[in-house]
Amino acid sequence: MASEFTAIIERDGDWYIAYCAEIPGANGQGRSKEEAVQSLADAIKLVLEDRREDAIRACPPMRCRKP
């Protein structure tokens with residue numbers, strides 16, 4: 001299932017900084033916009049995977065199933 005999020009990209013000297021307001025803690029950087037966006041996409045994936053794992057651990061064993 002694909003999801004869409006808003007990427008905010010700013011230039012800081014020679015670097016591009018990208019972050020997503022919808023997912024606190026997800027940010028990326030790169031020497032080009034494309035690198036910054038890819039870095040952000042990788043960060044979003046990691047943050048969402050970690051949150052999903054936390055949610056599964058918090059569920060009572062009989063109520064949650066791993067896919």
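In the predicted model, Ile17 of strand β2 has Gln29 in β3 as its bridge partner. A second pairing between these strands links Tyr16 to Gly30, the latter again in β3. In total, β2 and β3 (residues 27-30) are joined by 4 bridges and run antiparallel.

On its other pairing, β2 meets strand β1 (residues 8-12) in the antiparallel sense, over 5 bridges. Asp12 has Trp15 in β2 as its bridge partner. The two strands make up a hairpin in which 2 residues lie between them, and Gly13 in the turn adopts a positive phi of about 65°. Together the 3 strands form an open sheet with the order β1-β2-β3 and antiparallel pairing. Because β1 and β3 stand at the edges and each has a single partner strand, one side of each is left without a neighbour in the sheet. Disregarding direction, neighbouring strands of the sheet are turned by 20° against each other on average.

The sheet belongs to a protein with 1 helix and 3 strands, whose elements follow the order β-β-β-α from the N terminus. The mean pLDDT of the protein is 87, and 79% of the residues score at least 70. Among the elements, confidence is highest in β2, at 98, and lowest in α1, at a mean of 88. Where pLDDT is low, the predicted coordinates should not be read in detail.

The side chains of the strands were examined next. In a regular strand the side chains alternate between the two faces of the sheet. Along β2, Tyr16 and Ala18 point to one face and are buried, whereas Trp15, Ile17 and Tyr19 point to the other and are not buried. An alternation is also present along β3, where Gly28 and Gly30 are directed to one face and are buried, while Asn27 and Gln29 are directed to the other and are not. The bridge between Ile17 and Gln29 thus involves Ile17, which is not buried, and Gln29, which is likewise not buried. In the pairing of Tyr16 with Gly30, Tyr16 is buried, and Gly30 is buried too.

The buried residues Tyr16 and Ala18 of β2 also appear in the largest nonpolar core, which has 9 residues: Tyr16, Ala18, Cys20, Ile23, Ala26, Ala36, Leu40, Ile44 and Val47. Two or more residues of this core come from each of β2 (15-19) and α1 (33-58). Helix α1 gives the most, with 4 residues. In soluble globular proteins, nonpolar side chains tend to be buried together. Contacts of Ala18 beyond its neighbours within four places in sequence are with Ile8, Ile9, Asn27, Gly28, Ala36 and Leu40. Of these, Ala36 and Leu40 are themselves members of the core.

Helix α1 also contains Gln38. With a relative accessibility of 45%, Gln38 counts as partly exposed, because this value lies between the limits of 20% for buried and 50% for exposed. The C-alpha atoms of Gln38 and Ala18 are 9.3 Å apart, with these positions 20 residues apart along the chain counted as their separation.

Outside the regular elements, Ala21 is located in the loop between β2 and β3. Ala21 counts as exposed, since its relative accessibility of 61% is over 50%. Not counting residues up to four places away in sequence, Ala21 touches Thr6 and Ile8. Ile8 is also among the contacts of Ala18. The C-alpha atoms of Ala21 and Phe5 are separated by 8.7 Å, the two residues being 16 residues apart along the chain.

For the protein as a whole, 18% of the 67 residues count as buried. The exposed area is about 5,500 Å², of which carbon and sulfur atoms supply 52%. Among contacts with a separation of 6 or more, 14% are accounted for by residues 24 or more positions apart.

Terms used
Residues numbered from 1 in each chain as written. Predicted model: local features only at pLDDT ≥ 70, side-chain atom pairs only at ≥ 80, totals over all residues. Heavy atoms only, no water. Core = buried A, V, L, I, M, F, W, Y, C linked by side-chain atoms within 4.5 Å. Buried < 20%, exposed > 50% of the residue type's maximum accessible area, 1.4 Å probe, protein only. Contact = heavy atoms within 4.5 Å. Pairing = 2+ DSSP bridges. Axes fitted to C-alpha atoms, helices over the stretch in contact; angles between N-to-C directions. Areas by Shrake-Rupley, 256 points an atom, 1.4 Å probe, with all protein chains shown as cover. pLDDT = per-residue confidence, 0-100.
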